[in-house]
Amino acid sequence: MATRKLVVYPDKDLMIQAGAQWFALALLDLLAERLPDSTHRTRVDVALSGGSAAQPLGLVLDDPLAEAIDWSRVHFWWSDERFVPAYDIDRNALEARRLLLDKLVADGKLPESNIHEMAADVRSTNEIADAMANAESDDDAVRAAADAANDALLDAAARDYEAELIRELGPKPTIDLMILGMGPDGHYASLFPGHDEVKVTDRLAVGVNHSPKMPPLRVSLTAPMIANSHRTWFFAAGASKADSLAHVFSKPNNPNYPSSYANGVDEFIWFSTEETVTKL
């Protein structure tokens, strides 16, 4: 595994601007790599997240380097997704499309088939509302039935994503560049403290029910899948994350601070800000 590297910027705005430049340069470097047979690689696979980790995407096309990127060879995946309807503003994929991907598709630079979204909730608005209400019911039987139904949908979505990863990347799929953020509680992707999903080792993706952060239904890549990425980047800004960052850096594989499970095979970088590293 790679040695963890910490890059600290004065503030969040500068971190995001630098992140966009790092991203463009990383894609150029990866696309230019020579394989053992002296040919260029045919594709680069990137996994995105939401929140602060997605914000650099909105600045990528401002970088002159972006013009040299062969976007047709870049495939986009997600580290996690909120299991909500496809049009819901909570979806990480919708945010990434707004910031970058839809522009690339509209300009003919990125094939739609290169965008690998996790499944959305296709139930009607009323069906979702009823399911969420039942999941919080005081009646144990009603609550258990709702949880079982939601768990089944989440597991099917996770298994579908596993199947797509294997179909596209082979029996042991590996992401070239994994881009993540960390929450104030130390979670990453949708792997939360107090939830057992971070300990799952026999799956590539897993469903997450009763997320402590809304919305409650999610799908996430597992800790081993994330740690096996060639390059792994974190974006963490804000004083509210200082305590968690200190815990993450002090002890690996700590379920109380799930981001401590993350790693990368060739590169592992944390991009942060001065106010976030005060307790390291």
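The lining of the largest pocket in this predicted model comprises 6 nonpolar, 8 polar and 5 charged residues. In total, 19 residues line this pocket. Those that lie nearest its centre are Gly-50, Gly-51, Gly-181, His-187 and Lys-213. The volume of the largest pocket is about 240 Å³.

The second largest pocket has a volume of about 170 Å³, and 15 residues form its lining. Nearest its centre lie Pro-252, Ser-260, Ala-262, Asn-263 and Phe-268. Two elements, α6 (242–250) and β9 (267–273), each contribute at least two residues to the lining of the second largest pocket. The table sets out the two pockets.

| Pocket | Volume | Lining residues | Nonpolar, polar and charged lining residues |
|---|---|---|---|
| Largest pocket | about 240 Å³ | 19 residues | 6 nonpolar, 8 polar, 5 charged |
| Second largest pocket | about 170 Å³ | 15 residues | 9 nonpolar, 4 polar, 2 charged |

The nonpolar core is considered next. In soluble globular proteins, nonpolar side chains tend to be buried together. The largest nonpolar core of this model contains 76 residues, and the members that touch the most others are Phe-23, Val-46, Trp-71, Phe-76 and Tyr-188. Helix α1 (residues 12–32) provides the largest share of this core, with 11 residues.

Tyr-188 links these topics. Leaving aside residues up to four places away in sequence, Tyr-188 touches Leu-180, Gly-181, Val-198, Ala-223, Ile-226, Phe-234, Pro-258, Ser-259, Tyr-261 and Ala-262. Among these contacts of Tyr-188, Gly-181 is one of the residues nearest the centre of the largest pocket, and Ala-262 is one of those nearest the centre of the second largest pocket.

Terms used:
Residues numbered from 1 in each chain as written. Predicted model: local features only at pLDDT ≥ 70, side-chain atom pairs only at ≥ 80, totals over all residues. Heavy atoms only, no water. 1 Å grid on protein atoms, 1.4 Å probe; cavity = no way out; pocket = protein on both sides within 12 Å on 5 of 7 lines; lining within 4 Å. Points joined across faces, edges and corners; volume = space filled by probe spheres on them. Nonpolar A, V, L, I, M, F, W, Y, C, P; charged D, E, K, R; others polar. Helix = DSSP H or I, 4+ residues; strand = E, 2+ residues; numbered from the N terminus. Core = buried A, V, L, I, M, F, W, Y, C linked by side-chain atoms within 4.5 Å. Buried < 20%, exposed > 50% of the residue type's maximum accessible area, 1.4 Å probe, protein only. Contact = heavy atoms within 4.5 Å.
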